[in-house]
Structures are given as structure tokens and as C-alpha cells.
Amino acid sequence: PLAYATKSDITLQRPDRLRVITSGDGPASEFYYDGKIMMAFAPAENLVAVANAPPTIDATLEAAYHSAGIYFPFTDLIVADPYKDMSKGLKLAYYMGQSHVVGGTTTDMVAYIDNGVFIQMWVGAEDKLPRMVHAVFLDDPDHLRHHLELSNWQLDSTVPADAFGSSRAANANKIPFAHPHP
């Protein structure tokens, strides 16, 4: 399988605000959720899909996935209760030790199998923030992989009220909020 390297800038405010701006080698995209609506915007094409959204980030991420195939590989890390989300299908977990290589800090390395995915995660030993995640889909014949590097955590920072919408996206050409491969 071919993979693009992407960068996602994520801003969230619990319980009902999310922005994901994705750039990289593939097509750029923007996702906005303001507590009432969700917008998926393709800036290069000037296309936007808009739909009513559930009242929480977690429910909106699930609705976006089921209705339009929108998936973020970091979803398990931004839901309200990551442990609850990850432990539903947990089959095996173990502690690997510490690393002094990832994220410029000491991290605890853990590995686990969750819903057919083998995951290795490096978590800050002191701040408990994820720094790197490597996931392999075990049932995929090509063993599709996700490799995430997480950085620039800014907890409890002030977020402008207009951060969870985009006038450019709101004025783009409208398309249905639907799965690309029905």
C-alpha cells in the first residue's frame, strides 16, 4: 500500500469543539465542529460538506466516520475517555520499558492489541502525554500501518471563539455530506 505523510494541527475544546487542519503529501483537508454542525472542507477544490452534528466530540467523530468515511488515526487519543475507548477490544497489553529517544523526553513504552490492531505507544514518563504511536492492522493482508508523532501539546491554552469554523469553508461550493464509496 502507498501512504502519504501528513501533518494534522488539532485544536479541541471539550465537550463540543474540534478543528483538524491536515496538510501534507496528499490532498489538504479541514474539519470543523462547533457543537452544532460539522464541516469537511477540501480547500484546493473549494468544496465543503456540511451536516448537523451530535452534541459531543466523541459522537461527532463517530457520526463523521459512519456517514462520510472521515477517520483520523489519532481519534483514540482525543476522545473524552481514551482508556475506555481503547480498552473495549483490548486483548493483550504490556510495558516494554523506558526510552530516552522519542519526543526529547523520557517516555514509557507500552504495547497492546486492540480490536485487531497491534499498537506501540511512547508516553511521556512525567507528563503522561502520548509522544509517538505505531499501529499495525493485523487482519490486513498488507499490514497497513499508521505512524504518529505527537508534539507541541498546549494544554489549558485560550482558544479563540472563531477557531472552530471557517468563513472560507462556509462559502465554498456545497456537496453532500456522504461516504465517498457508498
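Student: Which residue is the bridge partner of Phe-41 in β5?

Tutor: This is a predicted model, in which local features need pLDDT of at least 70 and side-chain atom pairs count only at pLDDT 80 or more, whereas totals for chains, interfaces and linings use all residues. Residues are numbered from 1 along each chain as its sequence is written, and side-chain values use heavy atoms, with hydrogens and water left out. Strands (E, at least two residues) and helices (H or I, at least four) are DSSP runs numbered from the N terminus. On that footing, the bridge partner of Phe-41 in β5 is Val-48.

Student: Over how many bridges do β4 and β5 pair?

Tutor: Two strands pair if DSSP finds at least two bridges between them. β4 and β5 form a hairpin with four residues between them, and in its turn Asn-46 has a positive phi of about 55°. The two strands, with β5 covering residues 47–52, pair in the antiparallel sense, and the number of bridges is six.

Student: Which residue takes a positive phi in the hairpin of β3 and β4?

Tutor: β3 and β4 pair in the antiparallel sense over four bridges, and one of the matched positions sets Tyr-33 against Met-38 in β4. Three residues lie between the strands of this hairpin, and the one with a positive phi, near 95°, is Gly-35.

Student: How wide an arc around the axis do the buried residues of α1 cover?

Tutor: Buried means under 20% relative accessible area, exposed over 50% and partly exposed in between, with a 1.4 Å probe and protein chains only. The buried residues of α1 are Ile-57, Thr-60, Leu-61, Ala-64 and Ala-68. They lie on the same side of α1, because the arc that they cover is only 100°.

Student: Which exposed residues does the face of α1 turned away from its buried side carry?

Tutor: The buried residues of α1 are covered by elements including β1 (6–13), β2 (17–24), β3 (29–33), β4 (37–42) and α2 (75–78). The face turned away from that buried side carries the exposed residues Glu-62 and His-66.

Student: Is the ring pair of Phe-31 and Phe-72 stacked or edge-to-face?

Tutor: Rings of Phe, Tyr and Trp (its six-membered ring) pair if their centres lie within 6.5 Å, and planes under 30 degrees apart count as stacked, over 60 as edge-to-face and the rest as tilted. By this rule there are three aromatic pairs. The centres of Phe-31 and Phe-72 are 5.7 Å apart and their planes stand at 70°, so the pair is edge-to-face.

Student: How far apart in sequence are the parts that the pair of Phe-31 and Phe-72 ties together?

Tutor: Phe-31 is buried at a relative accessible area of 3%, and Phe-72 is buried at 9%. Because Phe-31 lies in strand β3 and Phe-72 in the loop between α1 and α2, the separation in sequence of the parts that they tie together is 41 residues.

Student: Which strands stand at the edges of the open sheet of five strands?

Tutor: This sheet has the order β6-β7-β8-β9-β10, with antiparallel pairing. Two strands each have a single partner, so one side of each is left without a neighbour in the sheet, and these edge strands are β6 (90–99) and β10 (145–149).

Student: What is the relative accessible area of Gln-120?

Tutor: Gln-120 is found in strand β8, which covers residues 117–124. Leaving aside neighbours within four places in sequence, Gln-120 is in contact (heavy atoms within 4.5 Å) with Met-96, Val-110, Ala-111, Met-132, Val-133 and His-134. Gln-120 is buried, and its relative accessible area is 18%.

Technical notes:
The arc is that of the directions from the helix axis to the C-beta atoms.
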